[in-house]
Amino acid sequence: MTGGRQVSLRGLSAINDQIIWVSGSGGSVGLSTDGGKNWKWIQVPGYAKTDFRDIEAFSDQEAVIMGITEPAVILRTSDGGDNWTTTFEDSSKSVFLDAMDFSGDEAVLIGDPENEKIFFARSSDRGKTWIKSTSGLASAKKGEAFFAGSGSNIRIIRGDGYALVSGGKESCLYFSSYRYSLLLNQGKETTGANSIAINPEDQNQAFITGGDFSHDTARYGNSLRIQFHPFVQTPPLSPPHGYRSCVEYLDNKQMICCGTTGVDFSSDGGLHWYLISVNGFHVCRKSKTGHSVFLAGPKGSVALLQF
């Protein structure tokens, strides 16, 4: 299927197998209530030049979107996208937002470091209000940044805070009060980790994808299996087939990841990855309740994978 708009989509949130929200460039937001057969497209008034690279939806009426910069902004709708209210805004040129993650009413928001200090904010009311705070994490290293490729470089861990991955000239995992250097392709502005997913059945396990988006067919150093306690990082035996901007667990063992050169699938917890499509996508998400996986990407593309 296709969303039908010539925009780049990097935000994706699926409530169930029927209700799907997407967001992206040109101030664009899309909503489908029939599994992607038909779409309601919105250009948020006053934000025609904004790239909304992350979205979190709670129903067919309620959603939160993140605009990355100038202004860095969080908007919220409670009427299916007809009207939007601003819940966070920073017009500083130095502020660049990368991703949000939600768990119940709680949410975290991450942005690129400024003077090596990581931008961080929290919400405890589903994004209705945000409070900037210190993340409790170490300062970023010189040349280190976060990629706004798919809204998935920060993930809340049930009962254990959150995990955050970075890229650029340094690629690290931030977890608890620690920073761990990652065994990934790094050293350039285009390299490093892009996405992290937490195993839904074992929150001590995670998987990271990334690589080099300027050499997006390279498989070297593009992914890692992670154990948090004690910390262990292990490359897969057969990695994904190129740069991958997003990764998602479907269950304890089955996983999917996507990037500009295609889509990969794993049935053994990320040890071996198999290319299942050469079509490029930026983001993949399993429906919160249901059995569908949706993908979104360039030129308004939206796809469905049933498993």
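1. A good place to begin is with how the chain folds back on itself. In this predicted model, residues 24 or more positions apart account for 49% of the contacts in the protein chain that have a separation of 6 or more.

2. Next, the building blocks. The protein chain comes to 29 strands and 0 helices. Its radius of gyration is 17 Å, close to the 19 Å that the globule rule gives for 307 residues, so the chain is as compact as a globular protein of that length. If you would like a sense of its extent, the C-alpha trace spans about 45 × 40 × 35 Å along its principal axes.

3. Now for what is inside and what is outside. Of the 307 residues in the protein chain, 58% are buried. The chain exposes about 12,200 Å², and carbon and sulfur atoms supply 48% of that area.

4. A word on charge: the protein chain carries 32 negative side chains and 28 positive ones. The centres of these two sets lie 3 Å apart.

5. One sheet is worth tracing by eye. Here 4 strands, in the order β9-β10-β11-β12, form an open sheet with antiparallel pairing. At its edges stand β9 (97-103) and β12 (131-132); each has a single partner strand, so one side of each is left without a neighbour in the sheet.

6. Finally, take a look at how β12 is held in that sheet. Its pairing with β11 (residues 117-123) is antiparallel and runs over 2 bridges. To find a bridge in the structure, start from Ala121: its bridge partner in β12 is Lys132.

Definitions and conventions: Residues numbered from 1 in each chain as written. Predicted model: local features only at pLDDT ≥ 70, side-chain atom pairs only at ≥ 80, totals over all residues. Heavy atoms only, no water. Pairing = 2+ DSSP bridges. Rg over C-alpha atoms; globule rule 2.2 N^0.38 Å. Buried < 20%, exposed > 50% of the residue type's maximum accessible area, 1.4 Å probe, protein only. Contact = heavy atoms within 4.5 Å. Areas by Shrake-Rupley, 256 points an atom, 1.4 Å probe, with all protein chains shown as cover. Lys, Arg positive; Asp, Glu negative; His and termini not counted. Charge placed at Lys NZ, Arg CZ, Asp CG, Glu CD.
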